[in-house]
Amino acid sequence: MDARLNYSASPTAGKVLGPVMAAGKAVKDSPLPPATQELVALRVSQINGCAACLDMHTKEAAAAGETAVRLNLVAVWREATVFTDAERAALELAEEGTRVADAAGGVSDEVWANAAKHYDEERLTALVILVSFMNMVNRLNVITQQPAGDYQVGQFH
């Protein structure tokens, strides 16, 4: 499968995506726990059908020590017993933040309050930015059909 666009060959993409990737690095360096970041990135990418991001974040999470069981159960986190209450709150916020068109009210007060029980304001800020960032990157990749399978751990950070 070939991508519709080669972002690395485009001067416009270079001007835009350099700062975008720097923003992603800033989120990665935030106080939001790394495991939570990878789980959220995976769930958002599953919802959006972003093969390239699923490839990247599955490999990054595994390299960071995440278990195969947890990675495989992200899609069904509600029924899985392997996630903490804080991770479940983050995944729920990620889902509602990704499906804003499906839920006319966006993220519900109940989901927000649950996340706020587990994360301070700085971590909540990082979580919201991460969800928004992943949705943007997912769209860049899905629209242009970026292929999956060749990502190497650490390739973009």
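In the predicted model, Ala90 is buried, with a relative accessible area of 0%. Ala90 lies in helix H5. Leaving aside neighbours within four places in sequence, Ala90 is in contact with Thr36, Val40, Tyr119 and Leu127. The C-alpha atom of Ala90 is separated by 23 Å from that of Ala22, a residue 68 positions away along the chain.

One of the contacts of Ala90 is Val40, and the contact list of Val40 in turn includes Ala90. With residues up to four places away in sequence not counted, Val40 also touches Leu91, Ala94, Leu127, Leu130 and Val131. Val40 belongs to the largest nonpolar core, which has 27 residues. Within this core, the members that touch the most other members are Val40, Leu127, Val131 and Met134. At least two core residues are supplied by each of helix H1 (11–28), helix H2 (34–48), helix H3 (51–63), helix H5 (85–98), helix H6 (109–118) and helix H7 (121–143). Helix H7 provides the largest share of the core, with eight residues. Another core, of nine residues, lies apart from this one. Leu42, Val74, Ala80 and Leu91 are among the residues of that other core.

The chain as a whole contains seven helices and zero strands. Read from the N terminus, the order of elements is α-α-α-α-α-α-α. The radius of gyration is 15 Å, close to the 15 Å given by the globule rule for 157 residues, so the chain is as compact as a globular protein of that length. The C-alpha trace spans about 45 × 30 × 30 Å along its principal axes. Of the 157 residues, 39% count as buried. When contacts between residues at least 6 apart in sequence are considered, 71% join residues at least 24 apart.

Surface and charge were also computed for the chain. The accessible surface comes to about 8,500 Å², and carbon and sulfur atoms account for 57% of this area. The chain carries 13 positive and 19 negative charges. The mean positions of the positive and negative charges are 4 Å apart.

Two further residues were examined, one in helix H7 and one in the segment after H7. Val142, which lies in helix H7, counts as partly exposed at 37% relative accessibility, because that value falls between the limits of 20% for buried and 50% for exposed. Not counting residues up to four places away in sequence, Val142 touches Asn48, Gly49 and Cys50. Helix H2 spans residues 34–48, and Asn48 is thus listed both at the end of that range and among the contacts of Val142. The C-alpha atoms of Val142 and Glu38 are separated by 19 Å, with these positions 104 residues apart along the chain counted as their separation.

Gln145 lies in the segment after H7. The relative accessible area of Gln145 is 31%, and this residue is partly exposed. Gln145 is not a glycine, yet has a positive phi of about 50°.

Conventions: Residues numbered from 1 in each chain as written. Predicted model: local features only at pLDDT ≥ 70, side-chain atom pairs only at ≥ 80, totals over all residues. Heavy atoms only, no water. Core = buried A, V, L, I, M, F, W, Y, C linked by side-chain atoms within 4.5 Å. Buried < 20%, exposed > 50% of the residue type's maximum accessible area, 1.4 Å probe, protein only. Helix = DSSP H or I, 4+ residues; strand = E, 2+ residues; numbered from the N terminus. Contact = heavy atoms within 4.5 Å. Rg over C-alpha atoms; globule rule 2.2 N^0.38 Å. Areas by Shrake-Rupley, 256 points an atom, 1.4 Å probe, with all protein chains shown as cover. Lys, Arg positive; Asp, Glu negative; His and termini not counted. Charge placed at Lys NZ, Arg CZ, Asp CG, Glu CD.
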